[in-house]
Protein chains: 2
Amino acid sequence: MTAETHLRRPGRPRSERAEKAIIEATLDLLAEEPGVAGVSIEAVAARAGVGKTTIYRRWPNKEALIIDALASLKAPLPEVEGLSVRADLIALGQAMVGEYNSKHSRCMWNVMGGAEKHPQLLEQFEAQVMRPRKEVFRRVLAGGIERGELRDDLDLDVARFLLIGALTLRGRSMSDIPPLAEDFVEKVVDTLLFGLAPR
Amino acid sequence: MTAETHLRRPGRPRSERAEKAIIEATLDLLAEEPGVAGVSIEAVAARAGVGKTTIYRRWPNKEALIIDALASLKAPLPEVEGLSVRADLIALGQAMVGEYNSKHSRCMWNVMGGAEKHPQLLEQFEAQVMRPRKEVFRRVLAGGIERGELRDDLDLDVARFLLIGALTLRGRSMSDIPPLAEDFVEKVVDTLLFGLAPR
């Protein structure tokens, strides 16, 4: 058994506590103004109250740690039923907006803002975290077309940009705007399904 | 005549060149990783090759300079005709996506990421630059409802979030994705107008 699988085995509360503290410390640092440049294994170790070797046993470098920390901001998307595209999109949308808060936004913006200095970081985040999520939305939309609930000439990417764009833009705005109305996601999905033009 | 109006009087090429160099230097610094924290009157003066007093004659502090620099990233929105909501939205959308490039994105992300440390900066940017732009979109949508081109039960904010969200999300993505298709804005507007569900 390697050190890695040993550490990740469930039911080891001390390692789990350390891992949680390390992830939280990474997010705290990422949310601060220097962004990725402010994150180092040393700084994370100091903030989490663990030794550097504890971190290196689990993560080979700071990029891998940052990707896991960013991934931890993402709620697992719910299993979608595939019964109605409207119900599926609302369920996915609710999970998405539920994960937004100002720390989440600041971490993401700081990583995006420094992207040209850390192109591999963003690429890996895209491949490991974002692409599988995009696929879920695409699958739900494609299922809706198959069942005749959606127009069969639909451009899936355009449809996805409209939905995710609205949720992201509103959900990630700064804290001075009023909290999301309870029916916001439902309104977004219905407005998108039925269009702006009169029927 | 005050120093300010003197400087801003048209037809003074030397002042204009200095002003342009100052704005560009501010954007260059903002686009780098420390974001707002990396911008100081000293650093801008050094990068633009002007004296600090040249900057202070025009801007009282670094926040005012940053807001003008960010505003310079925004294309002026075209006069909309009010003849067809579809044509108006496409014209506005084209202007919007035309202003996106990776420097624009990095500046905006860096400012947003540091927002909690500079709340007034973001508030003033919102009030001076973003709010008037949002009003243009709201006016076009409201005109569409008045003329019966759009459903009269439409939530204008939800409709705006869908449109702007899609354009922002796609337009501001990093440079490794393919360039925008020429008909992207048109497709977004039509998908939104006619909805995803079959008619």
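A salt bridge here is a side-chain nitrogen of Lys or Arg within 4 Å of a carboxyl oxygen of Asp or Glu. Please keep in mind that this is a predicted model.

**View 1. Glu24(A) and Lys103(A) pair up in a salt bridge.** Their closest N and O atoms are 3.3 Å apart. Between domain 1 and domain 2 of chain A, the count is two salt bridges. Five residue pairs, both at pLDDT 80 or more, are also in polar contact between these domains. On the side of domain 1 of chain A that touches domain 2, helix H2 (13-31) and helix H5 (62-72) each supply at least two residues. That side divides into eight nonpolar, one polar and five charged residues.

**View 2. Domain 1 (3-71) meets domain 2 (75-194) in chain A.** Here 14 residues of domain 1 are in contact with 12 residues of domain 2. Together the two domains bury about 1200 Å², with 73% of it on carbon and sulfur atoms. Their C-alpha centres lie 27 Å apart.

**View 3. Chain B and chain A each bring 51 residues to their contact.** About 4600 Å² is buried between these chains, and carbon and sulfur atoms give 66% of that area. In chain B, the residues that lose the most area to chain A are Glu33(B), Phe161(B) and Leu196(B), together 18% of what that side buries.

**View 4. Lys187(B) reaches Asp155(A) in a salt bridge.** The closest N and O atoms of Lys187(B) and Asp155(A) are 2.8 Å apart. The two chains have 17 residue pairs in polar contact (both at pLDDT 80 or more). Helix H9 (156-171) of chain B is one of the elements giving two or more residues to the side that touches chain A, and the largest share of that side, 11 residues, comes from H9(B).

Technical notes:
Residues numbered from 1 in each chain as written. Chains lettered and ligands numbered in written order. Predicted model: local features only at pLDDT ≥ 70, side-chain atom pairs only at ≥ 80, totals over all residues. Heavy atoms only, no water. Domains from an automatic or database assignment. Contact = heavy atoms within 4.5 Å. Buried area = accessible area lost by both parts, 1.4 Å probe. Polar contact = N/O pair within 3.5 Å; in protein donor to acceptor, adjacent residues only side chain to side chain. Helix = DSSP H or I, 4+ residues; strand = E, 2+ residues; numbered from the N terminus. Nonpolar A, V, L, I, M, F, W, Y, C, P; charged D, E, K, R; others polar.
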